[in-house]
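Please look through the sequence and the structure below before reading on. The paragraphs that follow lead from strands and sheets to the domains and then to the ligand.

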Amino acid sequence: MAKKAPTADIDESMLTVGERKREAVGVPAVLNSLKIAVDQMGVRRSAETLLRVNQKDGFDCPGCAWPETDKRHVAEFCENGAKAVAEEATIRRVEPEFFSRHSVAELAEHDDWWLGQQGRLSDPMILDEGATHYRPISWHDALQTVADELRALDDPNEAIFYTSGRASNESAFLYQLLVRGLGTNNMPDCSNMCHESSGSALGETLGIGKGTVSIEDIHRAELLIIAGQNPGTNHPRMLTALEKAKQNGATIIAVNPLPEAGLMHFNNPQTPRGVVFGGTKLADDFVQIRLGGDQALFQAIGKHLLEKEQESPGVVDRSFVDAHTSGFDDYATAVGSVPWADLEEATGLSEDRMRGVAERVRASGSTIVCWAMGLTQHKHSVATLRDVVSVLLLQGNIGREGAGVCPVRGHSNVQGDRTVGIYEKPPESFLDALNAEFAFASPREHGHDTVAAIRAMQAGEAKLFMALGGNFLSATPDTAAVEEGMRRTRMTVQISTKLNRSHVVTGARAVILPVLGRTDRDTRGGGDQRVTVEDSMGAVHASRGRLAPPKEGMLSETAIIARLAGLVFAGRENAPRADWNGLENDYSRVRHHISRVVPGFEDYEKRIEKGRTFYLPNGPRDAREFRTATGKAMFTANALEYPHIPEGRLLLQTLRSHDQFNTTIYGKDDRYRGIHNGRRVVLINTEDIAEAGFSEGDIVDLVSEWDGPAGLEERRAEEFRLVAYDTPRRNAAAYYPETNVLVPLESFADVSGTPTSKAVVVRLERRA
Ligand SMILES: Nc1nc2c(c(=O)[nH]1)N[C@H]1C(S)=C(S)[C@@H](COP(=O)(O)OP(=O)(O)OC[C@H]3O[C@@H](n4cnc5c(=O)[nH]c(N)nc54)[C@H](O)[C@@H]3O)O[C@H]1N2
Ligand SMILES: Nc1nc2c(c(=O)[nH]1)N[C@H]1C(S)=C(S)[C@@H](COP(=O)(O)OP(=O)(O)OC[C@H]3O[C@@H](n4cnc5c(=O)[nH]c(N)nc54)[C@H](O)[C@@H]3O)O[C@H]1N2
Ligand SMILES: [Mo]
C-alpha cells in the first residue's frame, strides 16, 4: 500500500549520524529504492513502472543524463533512477480541494520536501490578485489569462522564460519559438547554474560545447580521471560503465575533497559478482584535493608532462599538436613558469603527489576526464576547464577511441534543450534557420541568463516570469533576493508536475499549469505520442510513457505550449507561421520542423523508430574538426586561480545528498555519508571543529561573508549540526538548497556566469 503524504516538515531533531560507507550500491540500494517506490505508488504500479525505465520503446528515465548502453538490461537498475520515477509516478494527488484547505501563505511556510511529497498536480489553478488561496480555472481560461498577460507587455523583454532540463526536445523547441516569436531571448535555464562553464570552455577551445566521448569510449579508456563528481549518488549507472572499464584494464583517478563511496568501490546489484563476491574496486588513486584546486592540479600535470618531454621526447603527441592545435607555445610558457609552491598551496597536495598523478597520465595511451559540479561552480571554472582541455591536447586525447572530454550532464534532457534552442545567447545561424522555417524575424539581442534575470526581477523590470519545469526560487543563489524579485512581478506561471517553493512565492497573480511527465501516457490526435531526448553524450532517442495520467484531460508540455502560442499569436503580424493546432496533436510534426532548423536531425522520425538511438554530429569526436576562432583545438594560457579563505573562515561547498534530485527531496537520508533523518548538517574537518572551539554535534548558524560593492555583506542559514568528516582542512560541505540563501548573487564564474555554489566563504556562529 502506498503511504499518505507527510503532514509536517522535516524534524531535524531526529537527525542521526552513523558511519560513512566505503562502497556504493549493492543490495541495500535495491531495497531502499523499492521502499520509496512502494511508499509512493504501491506494489503493483511499482513493478509495472520500474520495469519500463530506459527500455526500448519505454520511457527515458527522468533522472540523470547518463546514456544507456545499446544492450539494455531488463530493468537496468539504478537506485536513484527508481526514486525519480517513483516521485513522478506517485499516486498521491494535489487537487483543487488541497488548495482550498491551504492558503498560499501557509504553503510558503513549508519546505520543498513537504511540498513535493504532497503528490502530482492535476488541475490548472490561478491565484488572483490579492487572493489568499489558489482557485481552479478551466484549461481554456488559464491559457487565455497567460496569453493576455503576454500580449499586454509593453516590451517582450519584460518577460522571463525559464527552462529546466527535463523538458523534451519537442516542448523546448516550441517554447523557444514562442519566446522568440514574442520578441525576446530572455531564456535563462538550469544549465546556467550547472554546466555553463563546460559549454563556455569547450565551445571556445574545441568548437563544440559538449563532450567528445561515447559510452564505448568510457569502456575502452586506459585512464579515467573523475574530478568534482559524485557518480554513486548522481549518476549511478555510470558505475556500471566504470566497472566495465576496470574489467578492460582501466586505471581510475578520483579527484575530490570527499572520499565519496561511489568513487571507491562498486557492488553491482545486476551481477553475481556484485552481490556475492563483493564487487569492484574503482578508484586506484583517490586525490583528496582542496576545493577549487583543480586548475592547479591540471596545470601541474601539464607542467610535468612538458618537463618529461624535454627530457625525452615522445610524451607529447607532436603530430597531433602540430596538425590540430594552436597556442601550444604560450601554454607551455605559462605552465612552465607556475611555481610548484603555488600549485601545492592551491591543491593541498605535495609536488611529489601531483607528479605521481601526472605519471599515470603520461603512462596512459588514452585518457578521458569526466567532471560535474565540483569543477563548474567556481569563480575560475572556465579557466579550470580550459586547463583540462590543454592537458588532453598534449597527448592527442581528443577524437580517438577511449579518449576525450566528458562533462557529465545533470538533467535527463538538459543537453537536448540547448541543442534545440534554449539559450539566451543563440548563434546567428540558428536564428536564421528559425526565421526561414517560420517566416518571422527573431530578436537578435541577447537575453538574460539566470543571474541577470534575478537582477531584472529585483529592479522591477521583469513583469512576467514563466517556468517550463524546475524550481527557480530554490535552485538559484541568494534565495532571499530571488524571493523578493519573484514577488515584484505581475504574474508567475509554472508549467510543472509537482508543487515546489516557486509555486508559493509568487507574483501579484500566479498560474499553475500541471503537466504530464515522462512516465504518463500521452494520447493526442488519436495516437500515443512520444517525445525525444538527448543524453550526456549527444545520443538522441524517443521516450514514451505508459501509465494512466494523474487525471483525465491533462496536457503535455508540448500541447500546453502549442496551445498557448496559438492564443498569443492569434491575429498578430510578425509572428512565427506555424500550424499550432497541428503541432499540438502530432509531435512528429514538431520533429519535422526541428529536422529543418537544427543541423544533425535529418530524417529525425526514421532514426528514432523502434527504440533506435542516433548520435548527433560532433566535429572533434568524429573528425578532429574544431570550429574555434583559430580553426584548431586551442591550448590556452590561463593565470592560476584558487579560492582564498580568510583567517578563521571556512570555504563551503553546497552539494546533493543521496536522497534528492536537485530541489526535489525524496527522503531524509544521505546513506553513503552516514547522515540519517535530517539534512541540516555541515560536514567539517575534526581539527577545524576543535580550532573554532566547538564540539561535534554542536548546532551553529552559517554566516556567509561577501565583499560587495557596498562593503561586507552577510547572509545567514540557521541551525546546522556540525559533523566531523573526512574533508580537507577549512573545506566544509552542506546540502543544497538549504544553503542557497548563503550564495551571493554577485558571486559567479567568469565568462559563464554560473553561481559559485562550490565556494562560499562562511564563518560558524554559535546559536545563542
Ligand atoms: N540522484 C540524483 N541524481 C542527480 C542529481 C540529483 O540531485 N540527484 N542532480 C542532477 C544534476 S542537475 C546534476 S548537475 C548532476 C550533479 O552531479 P554532481 O556534480 O556529482 O553533484 P554534487 O552533489 O553537486 O557533487 C559535487 C561533487 O564534487 C565534489 N567537489 C565539490 N567541489 C569540488 C572541487 O572544487 N574540486 C573537486 N575536484 N571536487 C569538488 C563534491 O565533493 C561532490 O563529490 O547530477 C544529476 N543527477
Ligand atoms: N547551491 C546550489 N545550487 C544549485 C546547485 C548546487 O549544486 N548548489 N546545482 C544547480 C544545478 S546543477 C541545477 S541543474 C539547478 C536545478 O534547478 P531546476 O532544474 O530548476 O530544479 P529541479 O529541482 O530539478 O526542479 C524540480 C521541479 O521540476 C518540476 N518537474 C519535474 N519533472 C517535470 C517535468 O517532466 N516537466 C515539467 N514541466 N516540470 C517538471 C517539478 O515541479 C519539480 O518540483 O540547480 C542549481 N542550483
Ligand atoms: Mo545540473
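Two strands are said to pair if DSSP finds at least two bridges between them. The model shown here is predicted, and with that in mind we can apply the idea of pairing to one of its sheets. Strand E21 and strand E22 (residues 539-543) pair in the antiparallel sense over four bridges, and one of the matches can be followed by eye, because the rule for pairing rests on bridges: Thr532 has Ala542 in E22 as its bridge partner. A third strand completes the arrangement, giving an open sheet in the order E21-E22-E23 with antiparallel pairing. Strand E21 (531-534) and strand E23 (614-615) each have a single partner strand and stand at the edges, so one side of each is left without a neighbour in the sheet. Strands of a sheet pair through backbone hydrogen bonds, and they may do so in a parallel or an antiparallel way.

A second open sheet makes a useful companion to this one. Its three strands follow the order E2-E10-E11, and here the pairing is mixed. The edges are formed by strand E2 (24-25) and strand E11 (280-281), each of which pairs on one side only. Between E2 and strand E10 (residues 265-267) the pairing is parallel and runs over two bridges, and within E10 it is Phe266 that serves as the bridge partner of Ala24.

We can now step back to the chain as a whole. Its domain assignment gives domain 1 (23-88), domain 2 (93-192 + 413-611), domain 3 (196-408) and domain 4 (650-766). For domain 3 and domain 4, the C-alpha centres lie 26 Å apart, and 24 residues of domain 3 are in contact with 27 residues of domain 4.

Where does ligand 1 lie with respect to domain 3 and domain 4? Both domain 3 (196-408) and domain 4 (650-766) give residues to the shell around ligand 1, so the ligand lies between them. Of the 32 residues around ligand 1, those that come nearest are Asn256, Glu260, Asp294, Gln660 and Asn662. The residues of this shell divide into 12 nonpolar, 16 polar and four charged.

Backbone atoms also approach oxygen atoms of the ligand. A backbone N or O atom of Gly292 lies 2.7 Å from an oxygen atom of ligand 1, a polar backbone atom of Met373 is 2.8 Å from an oxygen atom of ligand 1, and for a backbone N or O atom of Gly228 the distance to an oxygen atom of ligand 1 is 3.3 Å. Of the 920 Å² of accessible area that ligand 1 has on its own, the protein covers 99%. The elements that give two or more residues to the shell are helix H10 (231-234), helix H19 (373-376), strand E25 (650-655) and strand E26 (660-661), and the largest share, three residues, comes from H19.

Two details of the backbone remain to be found. Most residues other than glycine have a negative phi, and most peptide bonds are trans. Ala439, in the loop between helix H22 (428-438) and helix H23 (450-458), has a positive phi of about 50 degrees although it is not a glycine. The peptide bond from Tyr736 to Pro737 is cis, with omega near 5 degrees, and Pro737 lies in the loop between strand E32 (731-735) and strand E33 (760-766).

Definitions and conventions: Residues numbered from 1 in each chain as written. Chains lettered and ligands numbered in written order. Predicted model: local features only at pLDDT ≥ 70, side-chain atom pairs only at ≥ 80, totals over all residues. Heavy atoms only, no water. Near = heavy atom within 4 Å. Polar contact = N/O pair within 3.5 Å; in protein donor to acceptor, adjacent residues only side chain to side chain. Areas by Shrake-Rupley, 256 points an atom, 1.4 Å probe, with all protein chains shown as cover. Nonpolar A, V, L, I, M, F, W, Y, C, P; charged D, E, K, R; others polar. Domains from an automatic or database assignment. Contact = heavy atoms within 4.5 Å.
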